[in-house]
Amino acid sequence: MGVLSNRISREALKPGDHIYSWRHAYIYAHHGIYVGEGKVIHFTQGGGQEISIGTVLDRIIFSSSPSHPSHRPCLACGDQSRLGGVISSCIDCFLAGGDLYLFQYGVSPAFFLAKARGGTCTIASSDSSEVVLHRASFLLTNGFGVYHIFQNNCEDFAIYCKTGLLVITRISVGRSGQAASFLAATSAIVSSPLRYLTTSFSGLAAVGYGMYCFSRLVSDIGVRRDVEKVPVERLVTVGLDSGVDELDAESETNSLIPQKGTSI
């Protein structure tokens, strides 16, 4: 693995690894946690509605459902074509015919920026495999809230399992590097001042790419300030969808409590 590719063989996988597979000509990637014995726990919208458009385009363009159709289900997994939420699948169903890649943790800022495509690495460090597997198994039983393409998707799920970090505000994108890259690219295009249009194309491209890189970097879970380490039991007790504001308020309250050796 390196800057050019995170591709990995199945034999090299270890329980607790965050893996992903590109879908539909590298348009996006589907993420999950490898738990051993050929099984992957992952988070999906279900029924092919990966981006929640609610139309047939979900199945045609952005489906992350298992590769086996409902009339020919996988012998190991059964018919998962309509399942949604946190599910367990064999690695073949998870990959859906794609190649296998390993998401990287604890990379340097320079390496992060060199990987221009989001959703492949993060500056944040991973917890131990035992903790990662506990979170994934716990969420398989208790759920991970409602799927949302920008704030709570399959990559968000995998990153939470690996780090325990939760974005506690609703006003920003979630932990997903894919979503952050999409928004960064959109912002770089839309917000480019018109005066740059009078310069050379290379100058405009350099400015746009610089804005894209900066936006990606400040959105990475490893450098953001709007995240908290939340135990998975606490996450499920509060509720991911209804409890973000409560966690946010709790965080603000805790910040006002004098710490040992400090005063207010």
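This passage describes the internal cavities and the nonpolar cores of a predicted model. Residues are numbered from 1 along each chain as its sequence is written, and side-chain values use heavy atoms, with hydrogens and water left out. Local features need pLDDT of at least 70 and side-chain atom pairs count only at pLDDT 80 or more, whereas totals for chains, interfaces and linings use all residues.

Two cavities of 30 Å³ or more were counted, a cavity being a set of points on a 1 Å grid over the protein atoms alone where a 1.4 Å probe fits but cannot get out. The largest cavity has a volume (the space filled by probe spheres set on the points) of about 100 Å³. Of its 17 lining residues, Phe-112, Cys-121, Ser-176, Gly-177 and Asp-220 are the closest to its centre, where lining means having an atom within 4 Å of a point. Helices H5 (154-163), H6 (177-190) and H7 (201-219) each give two or more residues to this lining, and H6 gives the most, with three.

The largest nonpolar core (buried nonpolar residues, under 20% relative accessible area with a 1.4 Å probe and protein chains only, joined through side-chain atoms within 4.5 Å) has 17 residues, and Leu-139 and Phe-157 are among those with the most contacts inside it. Strand S3 (39-44) and helices H4 (129-142), H5 and H8 (232-238) each supply at least two residues of this core, the largest share, four residues, coming from H5. Leu-139 touches (heavy atoms within 4.5 Å) residues including Val-86, Phe-144, Phe-157 and Leu-235, not counting residues up to four places away in sequence. A second, separate core of 12 residues includes Trp-22, Tyr-105, Ile-159 and Leu-165.

How values were computed:
On a 1 Å grid over the protein atoms alone, a cavity is a set of points where a 1.4 Å probe fits but cannot get out, and a pocket is an open set with protein on both sides within 12 Å along at least five of seven lines; lining residues have an atom within 4 Å of a point. Buried means under 20% relative accessible area, exposed over 50%, partly exposed in between (1.4 Å probe, protein chains only).
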